[in-house]
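Work through the exercises below with the sequence and the model open. Each task is followed by a solution in steps.

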Amino acid sequence: MDIFALDQQYVAGTYGRFPVAIASGKGSLLTGTDGRTYIDMGSGIGVTSFGIADATWLKAVTDQLQKIQHTSNLYYTTPCAQLAEALCGKTGMKKVFFSNSGAEANECAIKYARKYSAQTKGEEYFTIITLENSFHGRTLTTLSATGQEHYHELFRPLTPGFAHVKAGDLDGLEKLVESTPTAGIMLEIVQGEGGVIALEEAFVKGVAQLCKEKDIPLIIDEVQTGNGRTGKLYAYMHYGITPDIVSTAKGLGGGLPIGATLLGEKVQNVLGPGDHGSTYGGNPVCCAGAISVIRRMDAEFMAQVAAKADFIRKTLEGAEGILAVTGLGMMVGIQTVRPAKEVVQSCMEKGVLCLTAKDKVRLLPALNIPMDVLSQALNVIKEACKEADLS
Ligand SMILES: *Cc1c(COP(=O)(O)O)cnc(C)c1O
């Protein structure tokens, strides 16, 4: 039986897959089971930060794999402690909780914010405010945090204690905080799944100020924007704010599942032994991969990411069939004249794999994608954007 048929028969039907089966890869090139090669402009949805089988990452992971693959959190391991130190050293955050995914990183963030506010203000301070059009994950609680109605349908009852305001509406947020005992405010600096939309700086700064004045933990969801994706280690660093909690995942492990919740001064000691946990959390192999990713994110590398981001934007902006280029750094949204799905389909036929986000084409290439490969992919994308509507 072929792979497509096998998958369709036995794998739960929760994904709309492209008719491509990936067998292997190297850097930003992927090879299908049919032997065809593709340029990877999605990096597994922003996960393979240094592409496929990057030598430094591969060595870090395989070296650890030779030593031990899992211990549980009953014991100390070096990679876990060193990764936490690296993350705190580069952000000024104080402690880290490790999990296995973005949704779990957010679940942990929500627990910290709720317990902090319950202890300091009272248990009725449980509401977490997030933005309309946000995306925070697929567990029932992070689904409830997600400000997009269509994800909620037929999964009710949702977890209580979430409210949503429009991005940019600081007045609305202030009113909501006045009327609702609030445990935390959570936002993405660039709404990813919502269509690659960067928040306005004045709004982000206003939210940070409000959180400070009212002693409300500010949670920044950096699951997609984090780990160098936007040209800074974390996207909040573009805006000169200091969050109380930062959640991240996707690009952190370079391709292995890891989530991290970074805890600032205010909340660092709120949870104690028994309050939270994860069997796999802090897995030494995943942490070894993440250390190798994070240690390479120095100023020089960030400058290279910013330069590549500039090149992508300059190449695409104003091209035929392209209405706008959105996002931040190497997190790119392309508003196209043709429906985004058709552009992505056409690119795939021409050997370039892209993503969509809402009505946009979305690009999340590996941060170290070689310039010539990037340039080649952008030419294909431009070509696909200007093609006439064939449907
Ligand atoms: C992908 C994503 C999540 C969920 O991450 P998972 O690893 O799929 O659980 C949460 N928040 C944001 C902003 C994301 O982009």
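**Exercise 1. The nonpolar cores**

Which residues of the largest nonpolar core touch the most other members?

Solution. The model is a predicted one. Step 1: the largest nonpolar core holds 90 residues. Step 2: within this core, M41, L87, I185, L316, L363 and I381 touch the most other members. Step 3: helix α13, residues 371-386, supplies the largest share of this core, 8 residues. Step 4: a second, separate core has 18 residues, including F97, A109, Y116 and I128.

**Exercise 2. Contacts of one core residue**

List the residues that I185 touches, leaving out those up to four places away in sequence.

Solution. Step 1: set aside the sequence neighbours up to four places away. Step 2: take contact as heavy atoms within 4.5 Å. Step 3: the partners of I185 are then I129, L173, V177, V207, L210, C211, I216, P217, L218 and I219.

**Exercise 3. Checking the span of a helix**

Compare the span of helix α5 with the value expected at 1.5 Å a residue.

Solution. Step 1: α5 covers residues 102-120, which is 19 residues. Step 2: the expected span is 1.5 Å times one less than the number of residues, so α5 should span 27 Å. Step 3: the end C-alpha atoms of α5 are 27 Å apart, in agreement with the expectation. Step 4: G122 follows α5 and has a positive phi, near 130 degrees.

**Exercise 4. The buried side of α4**

Which residues of α4 are buried, and which elements do they pack against?

Solution. Step 1: α4 has 14 residues, and its first and last C-alpha atoms are 20 Å apart, close to the 20 Å expected. Step 2: with buried meaning under 20% relative accessible area, the buried residues of α4 are P79, C80, L83, A84, A86, L87, C88 and T91. Step 3: these residues pack against α3 (55-67), β4, β12 (259-263) and α10 (284-295). Step 4: just after α4, G92 takes a positive phi of about 85 degrees.

**Exercise 5. The second largest pocket**

Describe the lining of the second largest pocket by position, element and class.

Solution. Step 1: the space in this pocket is about 800 Å³. Step 2: its lining has 31 residues, with N73, C80, V96, F97 and F98 nearest the centre. Step 3: α4 (78-91) and β4 (95-99) each give at least two lining residues, and β4 gives the most, with 4. Step 4: by class, the lining has 14 nonpolar, 15 polar and 2 charged residues.

Definitions and conventions
Residues are numbered from 1 along each chain as its sequence is written. This is a predicted model: local features need pLDDT of at least 70, side-chain atom pairs count only at pLDDT 80 or more; totals for chains, interfaces and linings use all residues. Side-chain values use heavy atoms; hydrogens and water are left out. On a 1 Å grid over the protein atoms alone, a cavity is a set of points where a 1.4 Å probe fits but cannot get out, and a pocket is an open set with protein on both sides within 12 Å along at least five of seven lines; lining residues have an atom within 4 Å of a point. Grid points are joined across faces, edges and corners, and a volume is the space filled by probe spheres set on the points. Ala, Val, Leu, Ile, Met, Phe, Trp, Tyr, Cys and Pro count as nonpolar, Asp, Glu, Lys and Arg as charged, and the others, Gly among them, as polar. A nonpolar core is a set of buried Ala, Val, Leu, Ile, Met, Phe, Trp, Tyr and Cys residues joined through side-chain atoms within 4.5 Å. Buried means under 20% relative accessible area, exposed over 50%, partly exposed in between (1.4 Å probe, protein chains only).
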